[in-house]
Every structure is written in C-alpha cells, then in structure tokens.
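Trainee: I am new to this structure and would like a close look at a single part of it. Please take one helix, and then set it among the other parts of the model.

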Amino acid sequence: MRLFGIETEYGITRDDIPEMDPVVESMELVRAHLASSFERRWDYAGEDPHEDARGFRVSGLQQDREEDEFARRDAHRPFSFHDMKSDLVLPNGARFYNDHTHPEYSTPECRTLRDLVAHDRAGERIVHRAAQRRNRLLGGAYLRLYKNNTDFHGHSYGCHDNYLVPRSISFPALTVGLLPFLVSRQVIAGAGKVGIEAQESGWVPGAYQLSQRADFMETELGVDTMHNRPILNTRDEPHADRRKYRRLHLIIGDANMCEYATALKIGTTRLVLDLIERGALPPLEVEQPVVAIKQVSRDSEMKTVIRLKDGRRVSALELQAHYCEVAHRELAGSDEESDWLLSEWAETLHALSDDRSRLVGKLDWVTKLWLIETFMREERIGWDDPWLASLDLEYHNVNPEQGLYLGLEAEGKAWRLTTEDEIEEALRSGPQDTRGGLRGLCVQRFSEQIQSIQWERIQFRGGLRSQHLNMGDLFDTQEIRRCADIFQQARSPADALAAWDHGKEIET
Amino acid sequence: MIQSLMPERREGPGDPMPKSPGPLEEGGGPRRPETGSPDKDSLLKRMRRVDPKQAERYRQRTGE
C-alpha cells in the first residue's frame, strides 16, 4: 500500500500595477474559485511543523521570526488569519488555499500515477480558471499564475511530494536509502532553470540548471521548509494514525509541467520506498550531498562526478542507474504500474546518456533547454541575455494562451499520460480508491453540514452523538468503497455515520 | 554493477527536435506526441511575445 500526493505553491503576479499585494492577490485568487462567500472550515489541528521525525520537537523554525514580522505587517488588514488563508476543500478532495502568499493546490491522496497526474493537471486548471474569474473582476487579463519554484531574485516556493509509509520503516533507514536518490533525481525530475541564485541573494545569469530548487538546498536533514531547506525534510506530520504511519514530506522537488516527469518523479520515489521497506538497497552514501546536488544541477552535460563515502566516484546518471537496477531486480513483476515505471526509468536514463532530444516533451529541463536553445539561435542572443529568464518563467505560465509548455502541448509535442476526459473527471471527484475520493464525496453531498474538515477527519454539525468521520487509518480500498457507498446513499451525515459505525461493530 | 545500464556516452544532442517515439508508449502507457515536424514557428512567435523584462519585474515572497 502506498499513497501519494503533490502540493504545489503557484507564483502569482499582476501586470497592471507596479507593486502587487501578494497577501490580497493570493487570497482573492483562491476565493475566485468560490461561487458563494467563503466559510471557514479547515481544521488546523493536525498541523504541527515543529514535530521532527528524528524523535524530538524543535522549539522554533528559522521562518518563525520572518513569519512574525509578516504577521505584524499584515495585522492592519481588515481580515483575519483564517480569511487570509481562505482554506477550501474541493469536491474532488483537494485542498486549495493561500499558503505564505502563494495559491497552493494539494491533490487528494492518490493510489495510481494516472490518478495523480490527472489531479495535478486538474490543479493547473483550477488555478487558471480562478485567475480568469479574478481577471474578469479586475477588468483585464492582468493576473498571471506560474507553476514554478523561483522568482529569479532568491525567493523560492515549493512543490512537495508526499508519501504515506509505515511507521515501522525507521527514519534513519529512509535517510540512508533516499539521500543519494534525491541528490540525483533531478536528472529526470528537474524543471530546468536559467541562471543561478541563492536564498534572498539575487540572481546571476549565464548558466542553465537542471533544477529550480537545487540552489535553495542548504542542509541534508531538517524540519525547516522556508529557510535552511533540507534535501530530506524531517517534519513529522503524518495526517494519519501516528502509531502506524508517517508521511514522507519531500520539499526538494521542482514543479513539473511535463506529465511524464511528474509520473517518473513520484513513481521512481515510490519504488525506492518499496526497496527501503524490503531492506533491499545496498548502502550507498554521498560524501557531501548539499554540494553534490548543486553541482549536478549546474551541469546539463551530466559529467559531474559525485564522491561517495566509500571512495567511489559516480555520476548522477550512474546513481540513478544503480537504483533503477536494484528496483528492476527486486520489484519487476510486482504490478503493471511498477513494470511500466521500471521500463520507462531505464529507457529515460538511456536516452539521457545517448540522445536526450528524445526526451523533449517528456522531461522539463530537456524541453525548456531545447526551446531556449532554439530561440537563442533564431534571435542570435547569448546565455547572458535577461530575456532567457523571462522565457524560463513563461514556460510555467498556466494560461494556455501564454504558457510556453502549454503551447508545446497544444501542438501535440508533449507526451501525455492523461486524457482531457480524465482531467475533467479529476476536477469533479477524487480517486474512488482513496480517502481523498471519500472526502470529496462528503463535500459534494453534505457541504452545508460540514463543520470542519482536514486530511484525516471530517466533523459534521449537529446532534449529541459523535459526528465525525475519522479517516486516520482508512486506507484499505474495500473499506473506502464501502464507506463511500454508505455516504453516497445516506440521507444525512448522521445516518451515514451510524451505518458506518454499525458496520464496524458487526465486523469486530 | 552501477554502470551496466549505462551505454557509452555521446556528447549533447545534435538535432534538438523531437524524434518519433519508440514503441514503449503503446498500450497502457503514455500517449506519443503527434508525428511530423513540430510547428516551430508558432512556438517561436509565442516566445517572441514574452516581455524580456518579465522576470526582472517578477517578485514573490519566500514560500515553502
């Protein structure tokens, strides 16, 4: 059993004013999704970013002081913290809200890559449609939304991939198994970036990188997410029964436009987690992961050598090939999706070393580089031209009339895993085999009766009896479908909960 | 056996245009791009419409 989901913070800007208020614009963008007025429903009880998976609780995060300063500056505004957040749960089980002045779309929990990619694409559509509504109010097409991770001035925002894993896998085992994989994952999952930057310290043109986020990785492990960012985030916020599960929360990833890159990023990580759970990975430790991740990102020819603690020297491609090979040996034949992944992973690594032009439309960093190099030849400009950073930015524009990637896709040059029908379905409802679909169903049927909602719990209004649906350990597919059937047919949440609780009593 | 999957490396791509995809995408996998030459002109037009100063003006607060 492995569930996954993606949280994407979008960049937001307005063309019609010299200085945009990011708090207001992000809030208004999210609210533009609503047909009625905003009502506070999100329950923050399950969120505590100070809990560390290494077994302790930190007293403060590096971002706290800055957050306090922003809170002080934003205090004069005529709306509350909850108004600013404008947290929504959508009928497809997704969460859509204003996170640190970025509209964030979190997919519902997914069990298959096809569902995940469809929901990630649905997020793009929701953000774009909200921007269209907001633009109608503003009186022009002023608002632009970007599915990227940098503003080219040293400010980064995230695209986090999340995986439900058994608590029985120790965090040290995850660390050892994942660090070399994550250092090298950017060769398939990097979104590409023009120039080099560092946290809040400007931008230098003249280079092309595999990854948008590598510049912002400053330590190997840590609970912080906004400063001193770690390759492997240690936040212990399972959004599930803490005794049984942990949530691997990876903040290193780039926001991908290519469906293929999204599928490979999540899919290969899922395979590596399977290997860690089986204890099948031979120990492999990178000597200086933070240095290595930057060096790998800044070498689009992929010749950089990574030093391992045992003295070996390997390239990022060789590291990936190592993981791919072990996965093939251990996991081939497990299921159809794993077999597809194993085949595509190997084929992609082969193409990267042999003829990467075959990956245009499949991997973002390759596609963006191809577009930029073509443009440079046509316009006779060099890598130091600031126009290139703007092209990089517009590659990620989610407006189909403006975005460079979406233009490529409209021409049929991008590899598609999803159909338009699947994306439309993902806009309407969540995966039927996860609690995400069940959450969405409750929003569809009983929105008015929901008092509060979050990833693992829904509290319904009224009555003296317990009125909440606990989903902290609701991961069995059959149980989910049975619960969904009950909520689909019940006349009220109280009836549904009574039937659900009665069924569980009979089982026990 | 770290290198067994790795073919001999050639220098960077020659023709940056997408080639016809291989057979792997048949069946339940991803769908191949349309065959034929890409209409580079319309994409180039779109790229030329990008304001060269767009990135310079673009400012965000730090996120997660």
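Mentor: What follows starts with one helix of chain A and then moves out to the sheets, the loops and the domains. The model is predicted, and every value below is computed from it.

The helix is α7 of chain A, and A:T268 is one of the residues found in it; the helix covers residues 259–278. How far apart should the ends of α7(A) be, and how far apart are they? At 1.5 Å a residue, its 20 residues should span 28 Å, and the end C-alpha atoms lie 29 Å apart, so the two values agree. Most of α7(A) is covered, with 16 of its 20 residues buried. Just after the helix comes A:G279, which has a positive phi of about 65°.

Within this helix, A:T268 is a useful residue to follow. Is A:T268 buried or exposed? A:T268 has 23 C-beta neighbours inside 10 Å, and a residue counts as buried at 20 or more, so A:T268 is buried. Setting aside residues up to four places away in sequence, A:T268 touches A:I188, A:L341 and A:W345. Another residue to look for is A:F181, which is 87 residues from A:T268 in sequence, while the C-alpha atoms of the two are 9.4 Å apart in space.

A second helix of chain A can be checked by its length in the same way. Helix α4 of chain A takes in residues 113–138, 26 residues in total, and reaches 37 Å from its first C-alpha to its last. That is close to the 38 Å expected at 1.5 Å a residue. After α4(A) comes A:G139, whose phi is positive, near 90°.

Next come the sheets. One open sheet of chain A has six strands in the order β5-β6-β7-β1-β9-β14, with antiparallel pairing. Its edge strands are β5 (88–89) and β14 (245–250), each of which pairs on one side only. Helix α1 of chain A, residues 22–31, packs on this sheet and touches β5, β6 (95–99) and β7 (102–106). The direction of α1(A) makes about 165° with that of β6(A). Elsewhere in the sheet, strand β9 of chain A, residues 159–166, is joined to β14(A) by six bridges, and the two run antiparallel. In that pair, A:Y163 stands opposite A:L248 of β14(A).

Another open sheet of chain A has three strands in the order β17-β18-β19, again with antiparallel pairing. Here the edge strands are β17 (450–453) and β19 (468–470), each pairing on one side only. From one strand to the next, the twist averages 15°. Three bridges hold the antiparallel pair of β17(A) and β18(A), the latter being residues 457–460. A:I450 stands opposite A:F460 in β18(A), and A:S452 has A:Q459 of β18(A) as its bridge partner. The two strands are joined by a hairpin of three residues.

For a loop residue to set beside A:T268, take A:F216. A:F216 sits in the loop between β11 (203–209) and β12 (217–222) of chain A. With 26 C-beta neighbours inside 10 Å, A:F216 counts as buried. Beyond its neighbours within four places in sequence, A:F216 is in contact with A:S156, A:Q199 and A:R229. A:H155 lies 61 residues from A:F216 in sequence, and their C-alpha atoms are 8.9 Å apart in space.

The last step is to the domains and the other chain. The domain assignment divides chain A into domain 1 (4–421) and domain 2 (434–507). Their C-alpha centres lie 31 Å apart. Each domain gives 18 residues to the contact between them. On the side of domain 1 of chain A that touches domain 2 of chain A, the residues divide into eight nonpolar, four polar and six charged. Chain B has two helices and zero strands. Of its 64 residues, 20% count as buried.

Definitions and conventions
Residues are numbered from 1 along each chain as its sequence is written. Chains are lettered from A and ligands numbered from 1 in the order in which they are written. This is a predicted model: local features need pLDDT of at least 70, side-chain atom pairs count only at pLDDT 80 or more; totals for chains, interfaces and linings use all residues. Two strands pair if DSSP finds at least two bridges between them. Helices (H or I, at least four residues) and strands (E, at least two) are DSSP runs, numbered from the N terminus. Axes are lines fitted to C-alpha atoms, for helices over the stretch in contact, and angles run from 0 to 180 degrees between N-to-C directions. A residue is buried if 20 or more other C-beta atoms lie within 10 Å of its own, exposed if 12 or fewer, and partly exposed in between; C-beta atoms are placed from the backbone. Two residues are in contact if their C-beta atoms, placed from the backbone, lie within 7 Å. Domain bounds come from an automatic or database domain assignment. Ala, Val, Leu, Ile, Met, Phe, Trp, Tyr, Cys and Pro count as nonpolar, Asp, Glu, Lys and Arg as charged, and the others, Gly among them, as polar. The expected span of a helix is 1.5 Å times one less than its number of residues.
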